[in-house]
Amino acid sequence: MSNVQEQQLAPSAPDAPRPRKHPILIIVMGVAGTGKTTLARELEKRLDMPYIEGDELHPKANIDKMSAGIPLTDADREPWLQLIRTTAEHMAAEQQADASFARRPGALITCSALKKYYRDILRGTYSPAARDGEPRLPGHLEPPEPHTLPAYFVFIKGDKQLLMDRISKRQGHYMKPGMLDSQLATLESPEGEEGVVVVPLDASTEEQADIAIRELSKLLPEPL
């Protein structure tokens, strides 16, 4: 038998497994009425990435306040933001430990993320316990190093009138139109911060997703 025939009869070697991508956290952010969930769902579909609705992690006390038209304070938001970060970290750790996990590792989360220090909590670079000279958390409770789950933000930017129009048409949501002024006053634009891309509110969801994926890919060390 010739060498060529032997090669043809030999069983083919199994394909080598593709190297896993590093997990990332993508946060779709903006004030109420920007369509964070709609864009996040589109990105979930395109990226095949696990998605969490950040509002679903709010404690009942927060939801009750917002339903009554009472703006949340920093003290209300901090535990919620920490829970979003730790939930994403736990998801990423479970994905890495699961050899059968075949989706894009990491998490895609919606969150208003209005202030820079809110975003730093989500990045894993800020602990509220360290504020105002208070002692930091004990070492075993500190969040993992931020590089283990780098965070990127997709900021949906739009003008007030368009936001008001969108909120007024929403049915059954606890965020009331009158709270938009409070959110806009609280918002510290993330433009210019590291790991942030901006998409226009008045673009279609498909166009927003195109922009987000294109601009995020420029920031990542590997393709989305």
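**A covered helix and its surroundings**

Helix α5, residues 116–123, is mostly covered, with seven of its eight residues buried. Here, buried stands for a relative accessible area under 20%, exposed for over 50%, and partly exposed for anything in between, using a 1.4 Å probe and protein chains only. Helices (H or I, at least four residues) and strands (E, at least two) are DSSP runs, numbered from the N terminus. The model is predicted, so local features need pLDDT of at least 70 and side-chain atom pairs count only at pLDDT 80 or more, while totals for chains, interfaces and linings use all residues. Residues are numbered from 1 along each chain as its sequence is written, and side-chain values use heavy atoms, with hydrogens and water left out.

The buried residues of α5 are Tyr-117, Tyr-118, Arg-119, Asp-120, Ile-121, Leu-122 and Arg-123. Their cover includes the strands β1 (24–29), β4 (151–157) and β5, together with helix α4 (74–97). Just after α5 comes Gly-124, which takes a positive phi of about 85 degrees.

Helix α5 also meets Glu-193, a residue in the loop between α7 and β5 (196–200). Leaving aside neighbours within four places in sequence, Glu-193 is in contact (heavy atoms within 4.5 Å) with Lys-116, Arg-119 and Arg-123. The side chains of Glu-193 and Arg-119 make a polar contact at 2.6 Å; such a contact is a pair of N or O atoms within 3.5 Å, where within protein one must be able to donate a hydrogen and the other to accept it, and residues adjacent in sequence count only if both atoms are side-chain atoms. Glu-193 counts as buried because its relative accessibility is 16%. Lys-116 is 77 residues away along the chain, yet the two C-alpha atoms are separated by 8.9 Å.

Another buried polar residue is Gln-183, with a relative accessible area of 7%. Gln-183 lies in helix α7 (residues 180–186), and its side chain reaches the backbone nitrogen of Ala-32 at 2.7 Å.

Turning to the nonpolar interior, the largest nonpolar core has 51 residues. A nonpolar core is a set of buried Ala, Val, Leu, Ile, Met, Phe, Trp, Tyr and Cys residues joined through side-chain atoms within 4.5 Å. Ile-26 and Val-154 have the most contacts inside this core. Not counting residues up to four places away in sequence, Val-154 touches Ile-26, Ile-27, Val-28, Met-29, Leu-39, Val-197, Val-199, Ala-212 and Leu-216.

Overall, the chain has eight helices and five strands, and buried residues make up 43% of its 224 residues.
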